[in-house]
Amino acid sequence: LHDLLISVTGFFRDAESFAAIETTVMPALFDGKGADDVVRIWVPGCATGEEVYSLAILAQEQMAKLPHPPRLQIFATDIDDAALSVARQGRYPKSLMGGVSAERLARFFLCDNALCTIRPETRELCVFSSHNVIRDAPFSRIDLVSCRNMLIYMGGRLQEQVIPLLHYALRPSGFLFLGAAETVTRHSELFAPVNKAHRIFRKLDMAGS
């Protein structure tokens with residue numbers, strides 16, 4: 001099973017897409033929310049955690065702009081226990097920091113000559129757990145699902161199961177962020193495009209959903 005699992009990830013992978021998340025999605029997630037509210041993000045297929053921490057950094061930067069920001073919860077799941085162990089530690093070779101700006105590196109990481117470690121205040125926002133998106137119950141009341149480059153490794157039949165589950169997991173008008181080669185074209189009744197080029201979609205509310 002471990003040989004079949006593909007873990008190709010990086011910090012702020014597809015930089016233009018993450019820039020679109022930063023300018024479009026993050027302000028919307030926190031708009032109108034105060035200290036009594038919670039913003040919830042789910043990253044299924046989180047692999048070794050770089051995408052998770054990239055989103056945590058963007059969210060914290062948005063929170064820093066607010067006088068009374070809401071709480072943030074990021075749920076990161078995978079079926080690869082070895083990858084989850086790496087993600088929980090939040091410790092990465094310095095050579096993987098190419099996508100991280102000097103400012104973010106100084107603010108969100110503790111680095112020595114060889115390794116960079118996510119600062120505790122960022123790592124503590126993220127809960128990593130084993131979860132099979134097909135078999136296990138989906139999360140709920142999520143504001144943003146970032147499911148990048150997982151669907152492309154599933155056949156059409158599995159995708160037909162998973163995309164409605166992601167729709168169920170989201171709050172009304174919640175966001176879905178997919179990988180560059182993924183789409184929800186077959187489920188246009190469930191999601192509306194926000195930014196087609198960067199695979200950002202918004203949940204359409206269905207009767208009873």
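**T48**

I looked up T48 first and found T48 in the loop between strand 1 (38-44) and helix 2. The model I am reading is a predicted one. Is T48 buried or exposed? The relative accessibility of T48 is 16%. The cut-off for buried is under 20%, so T48 counts as buried. I then checked the side chain of T48 for a partner. The T48 side chain makes a polar contact with the side chain of E50, at 2.6 Å.

**The chain as a whole**

I noted the secondary structure of the protein chain, which comes to 6 helices and 10 strands. I compared the radius of gyration with the rule for a compact globule. For 209 residues the rule gives a value near 17 Å, and the protein chain has 16 Å, which agrees. I also took the extent of the C-alpha trace, and it spans about 50 × 45 × 30 Å along the principal axes.

I looked up burial next: 46% of the 209 residues count as buried. The accessible surface comes to about 10,300 Å². Carbon and sulfur atoms hold 52% of that surface. For contacts, I took those with a separation of 6 or more, and 73% of them are between residues 24 or more positions apart.

**Helix 3**

I went through helix 3, residues 81-89, from its start to the residue after its end. At the start, a side-chain oxygen of D80 comes to within 3.1 Å of the backbone nitrogen of A82. Which residues of helix 3 are buried? I found A83, L84 and A87. Seen down the axis of helix 3, these buried residues fall within an arc of 100°, so they line one face of the helix. I recalled the general rule here: an α-helix has 3.6 residues a turn, so residues three or four places apart point the same way.

What covers the buried residues of helix 3? I list helix 2 (50-63), strand 2 (71-78), strand 3 (91-93) and strand 6 (126-130) as included in the cover. Just after helix 3 I noted G90, which takes a positive phi of about 60°.

**Strands 3, 4 and 5**

I followed the pairing of strand 5, residues 115-118. Strand 3 is joined to strand 5 by 3 bridges, and the two run antiparallel. As one position to find on screen, I marked P93, which stands opposite L115 in strand 5.

I then turned to strand 4, residues 109-111. Strand 4 and strand 5 also run antiparallel and are joined by 3 bridges. Here I marked F109, whose bridge partner in strand 5 is I118. How many residues does the hairpin from strand 4 to strand 5 pass through? I found 3 residues in the hairpin connection.

**Positive phi outside glycine**

I kept the general rule in mind that most residues other than glycine have a negative phi. I looked up two residues with a positive value, F12 and N149. Phi of F12 is near 50°. F12 sits in the segment before helix 1 (15-30). The relative accessibility of F12 is 7%, so F12 counts as buried.

Phi of N149 is near 65°. Where is N149 found? I located N149 in the loop between strand 7 (142-147) and helix 6 (156-169).

Conventions: Residues numbered from 1 in each chain as written. Predicted model: local features only at pLDDT ≥ 70, side-chain atom pairs only at ≥ 80, totals over all residues. Heavy atoms only, no water. Buried < 20%, exposed > 50% of the residue type's maximum accessible area, 1.4 Å probe, protein only. Helix = DSSP H or I, 4+ residues; strand = E, 2+ residues; numbered from the N terminus. Arc of directions from axis to C-beta. Contact = heavy atoms within 4.5 Å. Polar contact = N/O pair within 3.5 Å; in protein donor to acceptor, adjacent residues only side chain to side chain. Rg over C-alpha atoms; globule rule 2.2 N^0.38 Å. Areas by Shrake-Rupley, 256 points an atom, 1.4 Å probe, with all protein chains shown as cover. Pairing = 2+ DSSP bridges.
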